[in-house]
Amino acid sequence: MEFKSKIKTIEWIDNYSRMVDQTVVPYEYKFVNITTGEDMFQAIRNMIVRGAPAIGVAGAHGIVLFAQEGSEKYIDRSEFVKWLIDKAEYMKTSRPTAVNLMWAVNKQIDIIKNSKSDIKGIVEELKINAINLEDEDIEINKRIGDYGAAVVPKGAAILTHCNAGALATVGYGTALGVVRSAFAKDNTVKVFADETRPRQQGARITTFELAMDGIPVTLITDGMCSYFMKKGMIDMVVVGADRIAANGDTANKIGTYTVAIAAKYHNIPFYIAAPLSTIDISIKSGDEIPIEERSHDEVTHINGKRICAENVNIINPGFDVTPHELITGIITEKGILKPDYNKSIAEAFKL
Ligand code: MRU
């Protein structure tokens with residue numbers, strides 16, 4: 001049986017991008033239409049759309065929006081191309097850690113540079129590529145799901161951190177894609193979701209989408225995972241990724257590293273589920289991954305209410321890097337990569 005997820009996070013419609021507004025989930029499930037390149041930049045930066053593969057597609061949509069605007073503004077093709085490439089470089093700066101954004105925008109830049117078409121034709125080619133990326137993302141996630149499901153034990157309790165689900169992708173999800181595919185084969189599989197402070201993607205988004213799909217989920221706060229691991233209540237961990245270095249070191253939402261250490265201590269398999277577009281083979285190790293520093297309000301406030309004293313020092317890195325030694329396997333659309341990751345990643349890129 002194939003598991004059908006009901007969510008399509010982001011979609012190109014005629015001449016604009018439509019996306020789920022993830023800042024208000026689960027209080028509201030509403031769509032917003034993004035009609036300009038600058039609005040797309042802000043939507044990515046302010047996390048209306050979030051999750052590595054979803055912001056990749058959003059970035060690609062953003063270039064189509066800029067191209068549409070440029071086509072109204074420029075008659076000279078080479079001026080249009082120069083302006084659009086500058087806008088594409090700008091789009092890549094909307095968030096720094098998830099490499100899928102750079103990957104998808106670079107694909108659009110390749111089209112702009114290599115196209116033989118006139119301005120109108122370039123806009124059309126960019127649109128076709130953006131729509132293809134949407135379809136591909138869902139296909140890739142289903143493949144990740146199927147490879148991952150093969151290593152999920154019967155009736156497993158799967159711990160996840162943040163949201164690497166349908167709402168972090170175009171649909172289906174990476175880590176939650178593994179859950180969906182496993183659940184389709186065995187409906188006794190269940191999920192433990194870390195709350196994921198400061199932005200609570202686990203509490204707000206993971207529980208929302210799993211509940212929507214009827215998959216049992218237990219919400220825990222971030223500090224609880226080792227307690228449940230010790231009690232024997234967690235069988236495996238599956239999380240997503242924002243950027244994976246050539247040696248397998250993996251950046252994911254802040255707190256993931258702590259979960260990985262706890263899993264190692266308790267002898268629990270710890271898997272990353274991610275498309276190959278999340279692997280940045282240009283960097284040797286996680287030390288080179290840029291870590292986003294986000295607004296201090298995310299830590300000092302919950303739902304607009306201050307939760308700490310005034311004048312306290314705040315540091316708010318959005319991601320951490322899990323060293324490759326703690327990772328049991330990286331579940332990709334080309335199969336599960338195992339250590340030595342330098343070798344298995346290089347081989348996957350040749351397939
Ligand atoms: O800051 P976010 O919500 O964009 O962070 C998302 C994550 O860390 C996800 O785990 C990651 O992007 C993988 S999504 C399939």
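A cavity, in the sense I will use this morning, is a set of grid points where a 1.4 Å probe fits but cannot get out, and a residue counts as lining the cavity if one of its atoms lies within 4 Å of such a point. With that in place, let me take you through this structure, which is a predicted model, so please hear every value that follows as computed from that model.

I begin with the enclosed space. The structure holds two cavities of 30 Å³ or more, and the largest of them has a volume of about 220 Å³. Which residues lie nearest the centre of that largest cavity? They are Arg 50, Gly 51, Ala 52, Asn 163 and Asp 242, out of 27 residues that make up the lining. Two elements, helix H2 and strand S9, which covers 250-253, give two or more residues each to this lining, and H2 gives the most, with three residues. By class, the lining of the largest cavity is made of 13 nonpolar, nine polar and five charged residues.

Since H2 has now come up, I would like to stay with that helix and go through three of its packing partners, starting with H5. Helix H2, residues 52-73, packs against helix H5, residues 119-149, at an angle of about 165 degrees, and their axes are 9 Å apart. Because an angle over 145 degrees counts as roughly antiparallel, H2 is roughly antiparallel to H5. The crossing of these two helices is left-handed. On the H2 side the contact includes Pro 53, Val 57, Ala 60 and Ile 63, and on the H5 side the residues met include Ile 119, Val 123, Leu 126 and Asp 137. Sorted by class, this contact has 11 nonpolar, three polar and three charged residues.

The second partner is helix H1, residues 37-45, whose axis comes within 8 Å of that of H2, the two crossing at roughly 160 degrees. That angle makes H1 roughly antiparallel to H2, and the crossing is again described as left-handed. From H1, the residues in contact are Gly 37, Glu 38, Met 40 and Ile 44, while H2 contributes a list that includes Ile 55, Ala 58, Gly 59, Leu 65 and Phe 66. The division here is six nonpolar, four polar and two charged residues.

The third partner is helix H3, residues 77-91, and here the axes come within 10 Å and cross at roughly 150 degrees, which makes H2 roughly antiparallel to H3. Is this crossing left-handed or right-handed? H2 passes H3 in a right-handed crossing. In the contact itself, H2 residues including Gly 59, Phe 66, Gly 70 and Lys 73 meet H3 residues including Phe 80, Trp 83, Leu 84 and Met 91, and the classes come to nine nonpolar, four polar and three charged.

I turn next to the open sites, meaning the pockets. The largest pocket has a volume of about 310 Å³, and among the 14 residues that line it, Pro 198, Arg 199, Gln 200, His 301 and Asn 303 are the closest to its centre. Helix H10, covering 297-300, and strand S12, covering 301-302, are the elements that give two or more residues to this lining, whose classes are three nonpolar, six polar and five charged. One residue of that list deserves a further look, for the peptide bond from Arg 197 to Pro 198 is cis, with omega near 10 degrees, and Pro 198 sits in the loop between strand S5 and helix H7.

The second largest pocket, at about 170 Å³, brings us back to the helices discussed earlier. It is lined by 14 residues, with Trp 103, Glu 136, Asp 137, Ile 140 and Ser 277 nearest the centre. H2, helix H4 and H5 each supply at least two residues of this lining, and H5 gives the most, with four. Its classes are eight nonpolar, three polar and three charged residues.

Finally, two points of backbone geometry that may be worth your attention. A second example of a cis peptide bond joins Pro 339 and Asp 340, with omega about 0 degrees, and Asp 340 lies in the loop between strand S16 and helix H11. Asn 267, although not a glycine, has a positive phi of about 60 degrees, and lies in the loop between helix H9 and strand S10.

Notes
Residues numbered from 1 in each chain as written. Predicted model: local features only at pLDDT ≥ 70, side-chain atom pairs only at ≥ 80, totals over all residues. Heavy atoms only, no water. Axes fitted to C-alpha atoms, helices over the stretch in contact; angles between N-to-C directions. Parallel < 35°, antiparallel > 145°, perpendicular 65-115°, else oblique. Left-handed = near helix turned anticlockwise from the far one by under 90°. Contact = heavy atoms within 4.5 Å. Nonpolar A, V, L, I, M, F, W, Y, C, P; charged D, E, K, R; others polar. 1 Å grid on protein atoms, 1.4 Å probe; cavity = no way out; pocket = protein on both sides within 12 Å on 5 of 7 lines; lining within 4 Å. Points joined across faces, edges and corners; volume = space filled by probe spheres on them.
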